[in-house]
Amino acid sequence: MSASLIRRGLELLNDDIKDSSRVKKKKQTPSSAAVMNLVSTNRQGVTKQVKRLQGRLGPGKSKATVKDKRIRSAVEDFRKKQPKSQLDANLKYFLESAGKAEAFDTKKILRHSRGRQSRNRPDKPVKTSREAQSLFTEEEFQQFQREYFGRIVEEKK
């Protein structure tokens with residue numbers, strides 16, 4: 001390559017570098033005069049439009065800082081996210097003698113929690129039907145048949 005081509009390439013490169021440095025200027029809040037050209041001609045809500053167009057780029061901009069942030073290690077985060085076992089506390093609670101309910105109370109709770117659905121109700125006891133008992137004995141029937149019919153009409157087998 002010739003020296004002239006290299007020189008020309010460097011000149012072009014310098015122009016690009018200068019253009020990019022001009023573009024990197026810090027953004028500032030646009031002045032209210034510049035913003036007024038962008039605002040509509042309606043008279044209502046002009047100040048709100050100006051504030052919205054100006055944005056919060058200037059000194060009033062809130063900046064997130066790391067000043068008060070506490071750095072935590074990954075190990076601490078992992079330990080905090082792990083579920084803690086409550087087995088010991090639960091066993092201690094249930095094994096205490098003061099925590100036991102009386103039989104009456106447990107029956108009451110079970111009766112209450114049984115619910116109103118038919119599947120939760122106990123079966124009603126089946127009533128056994130007794131054979132109809134007669135007020136008269138068999139001998140009295142036979143005596144009545146002899147007196148009324150003159151003989152015994154049907155005999156029991």
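What follows is a dialogue on how the labels in this predicted model are earned.

Reader: What is the fold made of, and in which order?
Author: The protein chain has 7 helices and 0 strands. Along the sequence the pattern reads α-α-α-α-α-α-α.

Reader: How confident is the predictor in the protein chain?
Author: The mean pLDDT is 76, and 76% of the residues score at least 70. Among the elements, helix α2 (residues 32-36) has the lowest mean, 69, while α7 has the highest, 88. Where pLDDT is low, the predicted coordinates should not be read in detail.

Reader: Why is Gln145 called buried?
Author: Its relative accessible area is 17%. Buried means under 20%. The value falls under that cut-off, so Gln145 is buried. Of the 157 residues of the protein chain, 3% count as buried.

Reader: Where is Gln145, and what does Gln145 touch?
Author: Gln145 is found in helix α7. Leaving out residues up to four places away in sequence, Gln145 touches Gly150, Arg151, Ile152, Val153 and Glu154.

Reader: What makes Arg151 exposed?
Author: Arg151 has a relative accessible area of 53%. Exposed means over 50%. The value passes that cut-off, so the label is exposed. Arg151 lies in the segment after α7. Neighbours within four places in sequence aside, Arg151 is in contact with Gln145 and Arg146.

Reader: How many aromatic pairs does a search of the whole structure find?
Author: The search finds 4. One of them joins Tyr93 and Phe94.

Reader: What makes the pair of Tyr93 and Phe94 edge-to-face?
Author: The ring centres are 5.2 Å apart, and the planes stand at 80°. Pairing asks for centres within 6.5 Å, and edge-to-face for planes over 60 degrees apart. Both conditions are met, so the pair is edge-to-face.

Reader: Are Tyr93 and Phe94 buried or exposed, and how do you know?
Author: Tyr93 has 52% relative accessibility. Phe94 has a relative accessible area of 60%. Each value is over 50%, so both residues are exposed.

Reader: Why is the pair of Phe144 and Tyr148 called stacked?
Author: The ring centres of Phe144 and Tyr148 are 5.6 Å apart, with the planes at 10°. Stacked requires planes under 30 degrees apart, with centres within 6.5 Å. The pair satisfies both, so it is stacked.

Reader: Where do Phe144 and Tyr148 sit?
Author: Both lie in helix α7 (residues 138-149). They are 4 residues apart, about one turn of the helix. Ring pairs also link Phe144, Tyr148 and Phe149 into a cluster.

Reader: What labels do Phe144 and Tyr148 get for accessibility?
Author: Phe144 has a relative accessible area of 47%. Partly exposed runs between the 20% and 50% cut-offs, so Phe144 is partly exposed. Tyr148 has 60% relative accessibility. That is over 50%, so Tyr148 counts as exposed.

Reader: Which residues form a nonpolar patch on the surface?
Author: Ile6, Leu10, Leu13 and Ile17 form one. Together they have about 370 Å² of accessible area.

Reader: How do you know that Leu13 is open enough for the patch?
Author: Leu13 has a relative accessible area of 45%. Patch residues need over 30%, so Leu13 meets that condition. The label for Leu13 is partly exposed, and its place is in helix α1 (residues 3-23).

Reader: What is the accessible surface of the protein chain as a whole?
Author: It comes to about 17100 Å². Carbon and sulfur atoms account for 53% of that surface.

Key. Residues numbered from 1 in each chain as written. Predicted model: local features only at pLDDT ≥ 70, side-chain atom pairs only at ≥ 80, totals over all residues. Heavy atoms only, no water. Patch = residues over 30% accessible without salt bridge, like charges linked within 9 Å, V, L, I, M, F, W, Y side chains within 5 Å. Areas by Shrake-Rupley, 256 points an atom, 1.4 Å probe, with all protein chains shown as cover. Salt bridge = Lys/Arg side-chain N within 4 Å of Asp/Glu carboxyl O. Helix = DSSP H or I, 4+ residues; strand = E, 2+ residues; numbered from the N terminus. Buried < 20%, exposed > 50% of the residue type's maximum accessible area, 1.4 Å probe, protein only. Phe/Tyr/Trp six-rings, centres within 6.5 Å; stacked < 30°, edge-to-face > 60°. pLDDT = per-residue confidence, 0-100. Contact = heavy atoms within 4.5 Å.
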